[in-house]
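Please walk through this protein with the sequence and the model side by side, beginning with one side chain and then turning to the sheet, the helices and the charged pairs.

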Amino acid sequence: MIYLDYQATTPVAPEVADTMQPWISGKFANPHSPSRWGREAAAAIEVARKQASEAIDLEGGSLAFTGSATEAINWAIKGTLEKAPKGRNRIVTVATEHAAVLDTCEWLEARGCDVTRLPVGPDGLLDLADVKAALDEKVALVAVMLVNNEIGVVQPVGEIAAAAHEVGALMLCDAVQGLGRVGIPEGPDLVAASAHKIHGPKGIGALWMRQGAEPAPLIHGGGQEQGIRSGTLSPALCVGFGAAAKLGQERRELDHAHLEQLWNAARAELGSGWTMNGSVEHRYHGNLNIRREGVDSARLISDLRDIAFSLGSACASGSGRPSHVLRSIGLTDREARSAIRLGFGRYTSEEELVSAVRRIDAAAHAQQGLAA
Ligand code: PLP
């Protein structure tokens with residue numbers, strides 16, 4: 001199989017699996033227990049916390065581990081609104097956010113919050129003037145992702161955070177697809193991340209919180225994670241997250257150079273007739289979201305079962321609904337249904353990527369030939 005679905009999840013790095021192994025098989029102590037073994041596990045978690053924080057690389061905050069980025073996002077949004085002063089009950093977000101943000105906002109909207117979903121341009125980018133125009137003293141939180149999971153465009157998160165602060169609002173950045181790949185600019189008060197998108201294990205995320213911006217707890221219980229996120233931590237998952245974050249830092253330039261090579265090779269191999277979805281300029285180069293007039297992308301996927309790629313997004317793929325992101329950049333249903341997302345990275349070879357692109361191109365041509 002040729003794996004081209006890096007936005008859905010990334011392969012676990014062998015170094016990460018090795019680091020996790022002892023914590024899966026032998027070292028089973030509860031990291032919150034006072035025994036020597038418990039303290040050893042707690043110390044390993046603190047090393048991992050530092051490694052994950054260093055990858056986020058923002059000053060003046062702390063990081064709590066969560067069960068996923070989805071949990072971190074739910075916590076950040078619900079907990080911020082819970083703690084906001086009376087009268088501050090507005091959230092400003094973007095139509096192209098991940099469902100973790102959009103569905104949480106919808107849930108709060110049904111409970112009396114006022115939610116503004118900003119549109120994006122045909123390039124998938126926010127207009128800063130629209131952000132500023134949407135802000136007032138009633139806004140508690142502005143939630144904008146760094147790198148879009150479907151089309152890979154990079155939003156101006158630093159400027160948006162500055163605008164949010166001018167009206168006294170906090171800013172949440174969903175950095176799940178950007179961590180370790182695109183620097184997180186100074187500004188956000190809350191940052192959500194996920195280990196499985198950076199060659200770490202599934203089932204663990206993190207919320208970085210600027211000091212003073214910690215949301216009210218979402219999960220109550222034993223008071224772990226500085227009393228604000230209860231639940232026994234998994235040392236194996238935490239050390240896996242830490243090892244993946246550290247490895248990403250160490251390999252940053254190497255990974256970047258490899259990615260540029262892949263990006264150029266894939267684009268050179270694509271025949272004419274394909275259009276890129278979203279900005280070409282402000283984009284993460286491990287995401288090639290493209291469409292071709294008249295192609296049925298679901299059929300393309302079933303025609304090429306030994307290549308793992310996606311229809312816009314993993315979540316939208318299962319639902320049969322055209323992607324909300326592709327609709328937001330102005331595509332018709334038909335255009336959205338002709339889009340595919342190729343996601344690649346550290347463990348993709350140029351040879352396999354080029355061969356996959358060649359076969360996808362040929363299968364698209366064949367479809368059009370049959371349709372003609
Ligand atoms: N945000 C973005 C941009 C994502 O791509 C994802 C995962 O697809 C999430 C949030 C949710 O992450 P997790 O799988 O850790 O819940």
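Is Glu-186 buried, partly exposed or exposed? In this model, which is predicted, Glu-186 has a relative accessible area of 47% and is therefore partly exposed, given that the partly exposed class ends at 50%. Its side chain forms a salt bridge with Arg-210, in which the closest N and O atoms are 3.9 Å apart, a separation that falls within the 4 Å allowed for such a pair. Because Glu-186 sits in the loop between β6 and β7 (190-194), while Arg-210 belongs to strand β8 (residues 205-210), the salt bridge ties together parts of the chain that are 24 residues apart in sequence. Elsewhere, salt bridges with shared partners join Glu-46, Arg-49 and Glu-225 into one network.

The strands just named belong to an open sheet of seven strands, which follow one another in the order β2-β8-β7-β6-β5-β3-β4 with mixed pairing. The edges are held by β2 (61-66) and β4 (114-118), and because each of these has a single partner strand, one side of each is left without a neighbour in the sheet. From one strand to the next the twist averages 20 degrees. At the β4 edge, the partner is strand β3 (residues 90-94), and these two strands pair in the parallel sense over five bridges; within this part of the sheet, Val-94 stands opposite Leu-118 in β4.

Helices lie across several of these strands. Helix α4 (residues 99-109) lies across β3, β4 and β5 (139-145), and runs at about 155 degrees to β3. Helix α6 (residues 157-166), in turn, lies across β5 and β6 (170-174), running at about 160 degrees to β6, so that β5 is a strand contacted by α4 and by α6 as well.

Helix α4 also packs against another helix, namely α3 (residues 69-83), and the axes of the two come within 9 Å and cross at roughly 35 degrees. The crossing of α3 with α4 is right-handed. On the α3 side the contact is made by Thr-70, Ile-73, Asn-74, Ile-77, Lys-78 and Leu-81, which meet Ala-100, Val-101, Thr-104, Cys-105, Trp-107 and Leu-108 of α4. Sorted by character, the residues of this contact comprise eight nonpolar, three polar and one charged.

What remains is to return to the charged side chains, for a search of the whole structure finds 19 salt bridges. One of them joins Glu-40 and Lys-27, whose side chains meet at 2.6 Å, N to O. This pair links distant parts of the chain, since Glu-40 is in helix α2 (residues 36-56) and Lys-27 is in the loop between α1 (14-25) and α2, 13 residues away. Glu-40 is partly exposed, with a relative accessible area of 36%, and Lys-27 is likewise partly exposed, at 33%.

A further salt bridge is formed by Glu-54 with Lys-50, where the closest N and O atoms are 2.9 Å apart. Both residues lie in helix α2, four residues apart, or about one turn of the helix. Glu-54, at 41% relative accessibility, counts as partly exposed, whereas Lys-50, at 54%, counts as exposed, because the exposed class holds residues over 50%.

How values were computed. Residues numbered from 1 in each chain as written. Predicted model: local features only at pLDDT ≥ 70, side-chain atom pairs only at ≥ 80, totals over all residues. Heavy atoms only, no water. Pairing = 2+ DSSP bridges. Axes fitted to C-alpha atoms, helices over the stretch in contact; angles between N-to-C directions. Contact = heavy atoms within 4.5 Å. Left-handed = near helix turned anticlockwise from the far one by under 90°. Nonpolar A, V, L, I, M, F, W, Y, C, P; charged D, E, K, R; others polar. Buried < 20%, exposed > 50% of the residue type's maximum accessible area, 1.4 Å probe, protein only.
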